[in-house]
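User: Please take a close look at the packing of helices in this model. I should like one connected account.

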Amino acid sequence: MPDAAPSAPATPEKTSKLRAQARDASEWLAKLFLSPFVEIGALFKLLWESVFWGIRPPYRGRLFVEAMEFIGIGSIFLVSLTAVFVGGVLALQLVDGFRDFGAENQTGAVIGLALAREVGPVFAALMVTSRAGSAMTTELGSMRVTNQIDALVTMAVNPVQYLVVPRLVAGFVMVPVLTMLFNIVGVAGAFFVAVGLLGLDPGVFMDRLKWLVDWDDVSQGLIKSMVFGVAVTLIACRQGFYARGGAAGVGRATNRAVVQSAIAILILDYLVTSLVLGQGFF
Amino acid sequence: MKFLRRNLAQLGRTPMPPEVKDDPIHVRIRELHKSYGDHHVLKGVSLDIHRGKTNLIIGPSGSGKTVLMRQLIRLENPDSGQLMVNGIDFAKLEGLNLEAMRRTFGMVFQMSALFDSMTVFDNVAFPLREHTGFSRKEIRERVMDRLAAFGVAAAAQKLPAQLSGGMQKRVAVARAMILESEILIYDEPTTGLDPITTEMVDELIIEAEEMFGVTSIVISHDMASVVRIANYLSFLHQGEIAATGTPEDLLHSEHPATSEFIRASRISLDW
């Protein structure tokens, strides 16, 4: 058998090129794995700064009211519309599924429980992200790239206190309010479909709902929605506040804010649920 | 004067001692360094800013002008060096002292940086609402006076987007000066403007200095503006002050990069 052809000897240039490629690859991998931690660290830093500046005067009441109006009042229509259809589709699916084993009377109870504990907080937060979160990132990002945030600093006005704190407080207060709205409208939508269209008994629907859903379920949803409210406004503010690269950079920041918020809502949902139910994280 | 005294008291400033007030050098920059990672941008900048005069800092693109401006107003923290303003090292201040000292400066950004969600009136009133306890009536009077002084009173209820570039600059100067700031920094104020508006902005800088006695620091690479407005001129080259003095001094500078920059801009002192 002929000997295998000997490989070409490694020249110093080839060796250094390989080393450089290996270094680039390891840097890329390190960035890939470390970037989520860097992002989380930056979010906690902004949260800490917000708490620090939030408890210090001056307190600008008008900004808080404006932020609450923007996040809360401005999202009422979207949240209500979503809730009607989510409640309706839950009723359609559950009545259809429960009829197979004669348990359709439990529809109201299951819908109420699902809305109060999971669907209400998650959907309300997702709607706030898509409407208000993206708009906040765009607004702050535009202010950053046109030097308006720098202008605040030069006028001795702390931009975190002026821009981030009111939005964070508004998210903390208004997302639970929107969650309650989602729950109520969602149940109404489910009631309309289950009773009005599918012929379930209204008394049984409401009775089962009251029997299974209690204040603990609602409060569990409200705790989650407070966490979601802070998380989505914090992510939106962080992305906008540190946007760079002109109009394209603001667009990328908005995109990141929406994606990160959606992921954060789902991860936090799991973590808060585990914590509240005392099950441990994993 | 009554306004100034009250304003200073409300801002927590104390009147300057005579030796500081009479010092012809308003800002002393000494050995200022700033790096971004491995990129050393400011390599020991030392410079005097003259009180009540128009001080221009010129230099080619990438020489570090904007970085120097950002250190001057403490938008960023210098790595080392001194920024002596009225005898106080601005580079070392933190917290409330830093916030108080920032009010010594007014800043006019390249693109004006007016708050686009506020009217012209609200933009100019903003610093007064934030830092003084003036009544609505007092704020209205002061803002309208200042807008009238810069010829934009008629635009008070307009949004910045409805104004021309030159008018936006006027509003930006009015806002920067509403707290009676001692030092006004202009970042490339004429970049991207047509020749007529450029001349108007140059006149505006001179007016601000003459009317209110402020010290102006203008960051620019527009040599046409230099010959119109500069009392003192410094040439920043590769992160260092290559030449400084009066415009005449610089036009006769033997520093190669300085003379090359001036030759390329085809200006002379025959203005």
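Analyst: The following account treats two helix pairs in turn. The model is predicted, with local features requiring pLDDT of at least 70 and side-chain atom pairs pLDDT 80 or more, while totals for chains, interfaces and linings use all residues. Residues are numbered from 1 along each chain as written, and chains are lettered from A and ligands numbered from 1 in written order.

Two packed helices are described by the angle and the distance between their axes. In chain A, α1 (residues 12–54) and α6 (residues 159–197) pack at about 100°, with axes 9 Å apart (helices are DSSP runs of H or I of at least four residues, numbered from the N terminus; axes are fitted to C-alpha atoms over the stretch in contact, and angles run from 0 to 180 degrees between N-to-C directions). α1(A) and α6(A) are therefore roughly perpendicular (65 to 115 degrees). A:L46, A:E49, A:S50, A:W53 and A:G54 of α1(A) meet A:V160, A:Q161, A:V164, A:V165 and A:L168 of α6(A) (contact: C-beta atoms, placed from the backbone, within 7 Å). This contact comprises 6 nonpolar, 3 polar and 1 charged residues (nonpolar: Ala, Val, Leu, Ile, Met, Phe, Trp, Tyr, Cys, Pro; charged: Asp, Glu, Lys, Arg; polar: the others, including Gly).

In the second pair, the axes of α3(A) (residues 76–99) and α4(A) (residues 107–145) come within 10 Å and cross at roughly 145°. The crossing of α3(A) past α4(A) is right-handed (the near helix is turned clockwise from the far one by less than a right angle; left-handed if anticlockwise). Among the residues that meet are A:L78, A:V86, A:L90 and A:F98 of α3(A), and A:V110, A:F123, A:M127 and A:R131 of α4(A). By class, the contact of α3(A) with α4(A) has 15 nonpolar, 3 polar and 1 charged residues.

Methods: Helix = DSSP H or I, 4+ residues; strand = E, 2+ residues; numbered from the N terminus. Contact = placed C-beta atoms within 7 Å. Parallel < 35°, antiparallel > 145°, perpendicular 65-115°, else oblique.
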